[in-house]
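Please find below my notes on this model, set out as numbered points. They concern charged pairs, sheets, helices and a few individual residues.

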Amino acid sequence: MARRQWSIAGQLFALQAVVVTLLVLAGAGGAVWLARSDSQQAAQDEVLAVAQAVAGSPSVRAALTAADPAATLQPYAEATQRATGTDFVVVMAPDRTRYSHPNPTLIGRPFIGDIGPALAGEPFTVTNVGTLGESVRAVVPVYGDGRRIVGLVSVGITTRAINRKLLAQAPVLLGSAVPALALAATGSWLLSRRLRRQTHGLGPAQMTRMYEYYDAVLHSVREGLVVLTRDRRVALVNDEGRRLLGLAEEAPVTDRPVAAIDLPPAVAELLAAGRDAHDEPVLAGDRVLVANQRTTRFEGAALGTVLTLRDQTELRNLASELDSVRALTEALQAQTHESANRLHTVLTLVELGRTDEAVRLGTRDLALAQQLTDRVVGAVTEPALAALLLGKSARAGERGVDLVVEPDCRLDGSPLPGTDLITVVGNLVDNALDAVAATPPPRRVRVFVGADAHELVVRVGDTGPGLALDRVADAFRRGWSTKSAGRGLGLALVGQVVRRHGGTTDVTRTEDSETVFTVRLPLPGADR
């Protein structure tokens with residue numbers, strides 16, 4: 001059977017109970033020792049005062065020089081003993097012969113104990129064992145005429161009597177110790193109960209194992225993880241989270257407010273708001289992240305929020321290329337369908353003997369399409385970009401938009417990564433097509449892509465409603481859109497590529513009422 005493990009709260013309570021008990025016992029023992037010491041001192045002071053009073057009595061001095069000192073001194077000593085509460089008052093000659101004693105049979109016998117200092121004229125107190133047992137006694141000289149010592153007085157209190165007085169104080173000591181012990185035990189129990197609630201009754205081994213497992217799991221997952229407390233302070237950022245957010249390993253983030261950490265603006269806004277988010281795209285530097293955020297609760301109480309981040313930069317780049325291929329495919333399918341209709345018409349015209357009209361119909365659209373294809377392929381040698389422009393041209397035609405590739409457009413190869421070029425051109429053209437979609441004809445989009453020795457220029461103009469100049473900066477920020485259902489990500493991705501390459505963006509309005517977006521990207525190795 002597995003051995004039952006004590007929880008941290010139980011161990012702490014047991015330790016506190018032992019420590020408090022030992023402290024109370026030590027305190028009680030110290031109090032007893034102090035009380036006994038005080039009782040001993042009080043007894044010494046008392047017997048010395050009584051002995052000095054007896055030694056200073058004229059009747060005692062007179063009796064010591066009488067023929068039968070005991071006859072006078074014994075009644076006097078008994079009366080003094082009863083009056084002062086002492087255990088014995090012994091008056092003796094300098095040779096130790098007793099003239100008084102609580103036990104009359106010992107009168108005339110030698111006094112037991114030290115009397116040397118008193119014979120030298122010095123009163124003193126001492127603890128000795130005599131006929132009545134151990135006692136605290138004082139010995140004081142009695143002076144006669146001419147400062148001559150004519151006798152000695154010894155007054156004592158037995159140790160048993162002192163202990164009885166000390167035991168009489170025991171209820172007071174117990175009355176102080178027991179409430180103190182009870183109060184300490186109650187405090188320890190309350191503290192243990194609180195600790196048990198906070199640690200959920202777990203033992204040290206369980207908490208250590210849980211910490212090791214959780215720490216290993218949280219730092220090994222391939223998703224970025226940011227955990228916040230109720231007061232919006234960072235409780236944890238795992239290794240992947242630091243990488244995705246661009247935080248250095250040594251950068252302190254734990255227990256710091258979100259505003260005090262250098263986070264990407266979109267992530268900082270999401271964390272500060274604390275709202276729930278589901279698969280929401282956010283920009284973090286040159287990365288596109290998918291964020292999920294939710295409030296964590298335990299037994300109904302909110303503990304904080306947890307934000308998970310997944311890097312979808314490469315996936316979005318691939319999706320962008322796939323969209324270009326899909327657009328080209330759809331355009332080819334539309335052209336195939338349209339070509340079939342035209343071919344059927346041409347055959348019918350031939351059957352009707354109208355050969356000249358059939359030739360003109362069959363070659364007119366073909367010449368236009370071939371002209372566009374030749375111009376794009378001849379001007380742009382980057383296959384993906386050429387396919388993108390042809391696909392966008394076909395889609396524009398389907399939407400009733402005239403997409404014009406500028407005659408002076410020229411790009412030999414791709415001086416930049418193909419995915420970045422497709423991101424910039426594709427999103428600018430899509431933005432232009434959306435801008436002119438709701439405007440009356442003629443609807444036109446112009447595209448220019450070219451490069452010289454220093455920079456790559458992408459210019460897209462449209463006849464749409466335009467963009468206010470004071471909103472240009474917002475247009476390239478994630479989440480801003482002129483569409484009611486827009487997510488505002490396309491131009492933000494363009495801005496991300498521009499920032500990564502150190503380029504510039506510009507939005508102008510021409511005299512022909514065209515809105516022109518211009519992106520300039522410095523070429524690698526060019527002087528800036």
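1. In this predicted model, the side chains of E280 and R275 form a salt bridge, with N and O separated by 3.0 Å. The two partners differ in how they are classed for exposure: E280 counts as buried, at 14% relative accessibility, whereas R275 is partly exposed, at 32%. E280 falls in the buried class because its value is under the 20% cut-off.

2. R310 takes part in a salt bridge with D279, at 3.4 Å from N to O. R310 belongs to strand β9 and D279 to strand β7 (residues 277–284), so this pair ties together parts of the chain that are 31 residues apart in sequence. D279 is partly exposed, with a relative accessibility of 36%.

3. R310 also forms a salt bridge with E223, where the closest N and O atoms are 3.9 Å apart. This pair links distant parts of the chain, 87 residues apart: R310 sits in β9 (residues 301–311), and E223 in the loop between α7 (204–220) and β5 (224–229). R310 is partly exposed, with a relative accessible area of 27%, and E223 is likewise partly exposed, at 31%. The 3.9 Å pair counts as a salt bridge because the cut-off is 4 Å.

4. How many salt bridges does the structure hold? The total is 10. In general terms, side chains of opposite charge can pair when their charged atoms come close.

5. The strands that carry R310 and D279 are both members of an open sheet of 5 strands, in the order β6-β5-β9-β8-β7, with antiparallel pairing. Which strands stand at the edges of this sheet? They are β6 (234–237) and β7; each has a single partner strand, so one side of each is left without a neighbour in the sheet. Neighbouring strands here are turned by 25 degrees against each other on average, direction ignored.

6. The edge strand β7 pairs with β8 (residues 287–298) in the antiparallel sense, over 6 bridges. Within this pairing, A277 has Q293 of β8 as its bridge partner. As general background, strands of a sheet pair through backbone hydrogen bonds, either parallel or antiparallel.

7. Helix α9 (residues 265–273) lies across four strands of this sheet, namely β5, β7, β8 and β9. Relative to β7, the helix runs at about 145 degrees.

8. N238 deserves a separate remark. This residue is found in the loop between β6 and α8 (239–245). N238 counts as buried, with a relative accessibility of 0%. What does the side chain of N238 reach? Its contact is with the backbone nitrogen of L225, at 2.9 Å.

9. Another open sheet is built from 4 strands in the order β1-β4-β3-β2, again with antiparallel pairing. Its edges are β1 (88–92) and β2 (124–130); each has a single partner strand, so each has one side without a neighbour in the sheet. On average, neighbouring strands of this sheet are turned by 30 degrees against each other, direction ignored. The edge strand β1 pairs with β4 (residues 149–158) in the antiparallel sense over 5 bridges, and M92 stands opposite L152 in β4.

10. A53 is located in helix α1 (residues 8–55). Is A53 buried or exposed? At 51% relative accessibility, A53 counts as exposed, because the class begins over 50%. The C-alpha atoms of A53 and V153 are separated by 9.6 Å, although the two residues are 100 residues apart along the chain.

11. Helix α12 (residues 383–398) comprises 16 residues and reaches 23 Å from its first C-alpha to its last, close to the 22 Å expected at 1.5 Å a residue. Its buried residues include L385, L388, L389 and K392. In general, an α-helix has 3.6 residues a turn, so residues three or four places apart point the same way. Just after α12, G400 takes a positive phi of about 75 degrees.

Technical notes:
Residues are numbered from 1 along each chain as its sequence is written. This is a predicted model: local features need pLDDT of at least 70, side-chain atom pairs count only at pLDDT 80 or more; totals for chains, interfaces and linings use all residues. Side-chain values use heavy atoms; hydrogens and water are left out. Helices (H or I, at least four residues) and strands (E, at least two) are DSSP runs, numbered from the N terminus. Buried means under 20% relative accessible area, exposed over 50%, partly exposed in between (1.4 Å probe, protein chains only). Two strands pair if DSSP finds at least two bridges between them. Axes are lines fitted to C-alpha atoms, for helices over the stretch in contact, and angles run from 0 to 180 degrees between N-to-C directions. Contact means heavy atoms within 4.5 Å. A polar contact is a pair of N or O atoms within 3.5 Å; within protein, one must be able to donate a hydrogen and the other to accept it, and residues adjacent in sequence count only if both atoms are side-chain atoms. The expected span of a helix is 1.5 Å times one less than its number of residues.
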